[in-house]
Structures are given as C-alpha cells and as structure tokens.
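Got your viewer open? Here's a short tour, one selection at a time.

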Amino acid sequence: MSWIFLIIAGCCEVIGVTGLTKANTSPSFSSFFMLIGGFILSLYFLSLSMNEIPMSIAYAVWTGIGTVGSTLVGMYVFDEPKDKWRITFIALIIVSVIGLKLVD
C-alpha cells in the first residue's frame with residue numbers, strides 16, 4: 001500500500017505544480033485551490049508512504065514522478081517545447097525510478 005500512497009503523492013505534486021503555473025498565468029480561486037490542495041495532499045501521502053519505504057527512496061521516487069508529470073503537463077497543456085532531448089531525459093528519470101524500485 002505504501003507504493004500506492006507514493007504514486008498518489010507524486011500525482012498530487014503534479015496537481016500542485018499545475019496549480020502554481022495557473023496561479024502565475026491567470027490567478028483565480030481554483031488555481032490557488034489546486035496549488036495549496038495539491039501540495040498538502042502530496043505531502044500527506046508522502047508521509048504515509050514513508051512508514052514503510054525508506055526516506056531516500058520515497059523522496060527520489062516522489063520527485064521523479066513530480067518532475068516527469070509536471071514536464072509532461074507543461075508540454076501537452078501549456079505548449080512547452082517537445083524536443084527529443086526533453087523526451088530522452090524524461091525517459092532517463094523513469095528508468096532511474098524503476099531502478100530504485102527494483103533495488104528496494
């Protein structure tokens with residue numbers, strides 16, 4: 001169950017970062033709700049996951065999910081560049097997160 005909590009925490013991190021981007025571009029109640037709610041839920045689920053997963057692994061996986069998710073949202077929702085180098089480095093992050101899970 002801890003790994004599910006960690007994945008939920010990473011997804012909430014993406015929601016929080018998306019809310020941050022929306023709050024910067026067009027401030028509204030919903031963007032601030034996304035920002036604050038996403039980060040609060042993210043930290044809550046991260047803390048739940050760390051009951052069984054070591055902090056070093058949990059934090060690395062959480063930031064990896066947040067980084068990859070935020071980059072993909074930026075590319076497909078906010079029209080950020082989609083060049084081959086960005087895709088390559090996203091793939092490296094995913095491989096690294098999988099590697100951390102395999103050695104755990």
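At what angle do the axes of helix H1 and helix H2 cross? Select residues 2-25 for H1 and residues 29-49 for H2. Keep in mind that this is a predicted model. The two axes come within 7 Å and cross at roughly 160°. Because that angle is over 145 degrees, H1 counts as roughly antiparallel to H2. The crossing is left-handed. Colour the contact of H1 with H2 by residue class, and you'll find 17 nonpolar, eight polar and two charged residues.

Now stay with H2 alone. With 21 residues at 1.5 Å a residue, H2 should span 30 Å, and its end C-alpha atoms are indeed 30 Å apart.

Next, pick out Ser31, Leu35, Gly38, Ser42, Phe45, Leu46 and Ser49: these residues of H2 are buried. Turn the view so you look down the axis of H2; the buried residues fall within an arc of 130°, so they line one face of the helix. Here's the background: an α-helix has 3.6 residues a turn, so residues three or four places apart point the same way. Then swing round to the other side of H2, where Phe29, Phe33, Ile36 and Ile40 are exposed.

For the last stop, jump to the loop between helix H3 (55-76) and helix H4 (84-103) and select Asp79. What is its phi? Asp79 has a positive phi of about 55°, although it is not a glycine. And is Asp79 buried or exposed? Its relative accessibility is 66%, so Asp79 counts as exposed.

Definitions and conventions:
Residues are numbered from 1 along each chain as its sequence is written. This is a predicted model: local features need pLDDT of at least 70, side-chain atom pairs count only at pLDDT 80 or more; totals for chains, interfaces and linings use all residues. Side-chain values use heavy atoms; hydrogens and water are left out. Axes are lines fitted to C-alpha atoms, for helices over the stretch in contact, and angles run from 0 to 180 degrees between N-to-C directions. Helices (H or I, at least four residues) and strands (E, at least two) are DSSP runs, numbered from the N terminus. Angles under 35 degrees count as roughly parallel, over 145 as roughly antiparallel, 65 to 115 as roughly perpendicular and the rest as oblique. A crossing is left-handed if the near helix is turned anticlockwise from the far one by less than a right angle, and right-handed if clockwise. Ala, Val, Leu, Ile, Met, Phe, Trp, Tyr, Cys and Pro count as nonpolar, Asp, Glu, Lys and Arg as charged, and the others, Gly among them, as polar. The expected span of a helix is 1.5 Å times one less than its number of residues. Buried means under 20% relative accessible area, exposed over 50%, partly exposed in between (1.4 Å probe, protein chains only). The arc is that of the directions from the helix axis to the C-beta atoms.
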